[in-house]
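Me: I'd like to go through this one feature by feature. Could you show me how to read each of them as we go?

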Amino acid sequence: MTAGRLDGRAALVTGAGSGIGLATAKRLAADGARVLTTDRAGDVDIVADVTEPGINAKLVAEAEARLGGLDIVVACAGITGMQPLDGHDDAFFDTMMAVNVTAVFRLMRDALPLLERSPHGRIILIGSVMSSFGEAGMTAYSASKHAVLGMTRSVAAEVGASGVTVNCIQPGAIDTPMTAPAFAAMPEFRQRWIDKAALGRLGQPEDIADVAAFLASDDARFMSGHGLFVDGGATQRH
Ligand SMILES: NC(=O)c1ccc[n+]([C@@H]2O[C@H](COP(=O)([O-])OP(=O)(O)OC[C@H]3O[C@@H](n4cnc5c(N)ncnc54)[C@H](O)[C@@H]3O)[C@@H](O)[C@H]2O)c1
């Protein structure tokens, strides 16, 4: 904990009902931020689907009404899934892009006016190691996560003059409800990620949340446009 380093800051966290988003909301609050949480399910302040047209603007308006402004936006809502290209259906691809890309783009766009009013505006996106690499069966997911990193770089360049920073965390395999079914069904897949990681374990949601809190803090004030691998060293091995 770094109690007090986010005192007075207002944060909006999507996907805060589970996994990385839940841990991030808790960590930001532990560091002193007032946090508005949203998800389509779970114990959150606002239950909403981020793909609903106009919802991101509503979430931002709620943040302004309840918190008096917005300093930190963390976009954790996301979905995953595998489909081979042969027979890959359009709806699967479109849904992946709607949740992982379009909703994130709209959230950044709609939150920007409030973030620009903050002396320490922060946009923190959750990409993936799949923002930089690919995997068989992961066409839709890796396309969506590459898009997240691309948006990070472009928006960082565009909004930097206003003092807002934009960064993207690229988690490796994290033990969350998202990965639990695949890890349970394919223990060898789980073990492959443990073996890949230099640190020899899966990540925990807090491993990502703690980096998000760092990016939200003044310590990260001169960092922008980055994709940060937080994967136990998995992608840096030969
Ligand atoms: N777990 C991993 O190994 C891993 C690795 C790399 C990246 N990520 C990314 O981290 C982020 C969080 O994933 P997680 O592992 O915590 O998974 P999770 O399933 O525990 O949490 C994701 C949350 O997003 C919410 N969500 C999904 N679609 C939504 C929608 N349309 N509207 C509102 N909320 C919606 C879900 O309800 C859920 O609570 C995702 O973007 C995921 O792609 C996870």
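Me: Let's begin with a side chain. Which backbone oxygen lies 2.8 Å from a polar atom of the side chain of Thr95?

Reply: Keep in mind that this is a predicted model. For a polar contact, look for a pair of N or O atoms within 3.5 Å. Here the backbone oxygen belongs to Ala91, and a polar atom of the Thr95 side chain sits 2.8 Å from that oxygen. Thr95 itself is in helix α3, residues 90–117.

Me: Is Thr95 buried, exposed or partly exposed?

Reply: Go by relative accessible area: under 20% is buried, over 50% is exposed, and partly exposed is what falls in between. Thr95 comes out at 41%, so it counts as partly exposed. Ala30, in helix α1, is also a residue to try this on: its relative accessibility is 35%, so Ala30 is partly exposed.

Me: How far apart in space are Ala30 and Arg5?

Reply: Check the sequence separation along with the C-alpha distance. Ala30 and Arg5 are 25 residues apart in sequence, with 9.4 Å between their C-alpha atoms. For Thr95 and Thr80, 15 residues apart along the chain, the C-alpha separation is 10.0 Å.

Me: Now the sheet. What is the order of the strands?

Reply: Read across from one edge to the other. This open sheet has 7 strands in the order β3-β2-β1-β4-β5-β6-β7, and the pairing is parallel. β3 and β7 (227–230) are the edge strands; each has a single partner strand, so one side of each lacks a neighbour in the sheet.

Me: How many bridges join β1 to β2?

Reply: Strand β1 (residues 10–14) and β2 run parallel and are joined by 5 bridges. To fix the register, pick out facing residues: Leu12 stands opposite Leu36 in β2. On the β3 side, 2 bridges link β2 to β3 (residues 46–47), again in parallel, and there Thr38 is opposite Ile46. You can do likewise with β4 (residues 72–75) and β5 (residues 122–126), a parallel pair with 4 bridges, where Val74 has Ile124 as its bridge partner.

Me: Which handedness does the unit of β1, α1 and β2 have?

Reply: Follow the path from one strand over the helix to the other. β1, α1 and β2 form a right-handed β-α-β unit.

Me: Why is β2 described as largely enclosed by the rest of the structure?

Reply: In a regular strand, side chains alternate between the two faces of the sheet. So look at burial residue by residue: in β2 (residues 34–39), 5 of the 6 residues are buried, so the rest of the structure largely encloses this strand. Over in β1 you have Thr14, which is buried at 2% relative accessible area. A polar atom of the Thr14 side chain is 3.0 Å from the backbone nitrogen of Cys76.

Me: Last one, the ligand. How many residues surround the ligand?

Reply: There are 27, and the closest are Ser18, Ile20, Asp39, Tyr141 and Thr176. By class, the shell has 14 nonpolar, 9 polar and 4 charged residues. Helices α1 (19–30) and α4 (139–159) each provide at least two shell residues.

Me: And which distances separate polar side-chain atoms from ligand oxygens for Asp39 and Tyr141?

Reply: For Asp39 the distance is 2.5 Å, and for Tyr141 it is 2.7 Å. In Ser18, an N or O atom of the side chain lies 2.5 Å from a ligand oxygen. As for cover, the ligand taken alone exposes 810 Å², of which the protein buries 93%.

Notes:
Residues numbered from 1 in each chain as written. Predicted model: local features only at pLDDT ≥ 70, side-chain atom pairs only at ≥ 80, totals over all residues. Heavy atoms only, no water. Near = heavy atom within 4 Å. Polar contact = N/O pair within 3.5 Å; in protein donor to acceptor, adjacent residues only side chain to side chain. Areas by Shrake-Rupley, 256 points an atom, 1.4 Å probe, with all protein chains shown as cover. Nonpolar A, V, L, I, M, F, W, Y, C, P; charged D, E, K, R; others polar. Buried < 20%, exposed > 50% of the residue type's maximum accessible area, 1.4 Å probe, protein only. Pairing = 2+ DSSP bridges. Right-handed = clockwise from strand over helix to strand, strands pointing away.
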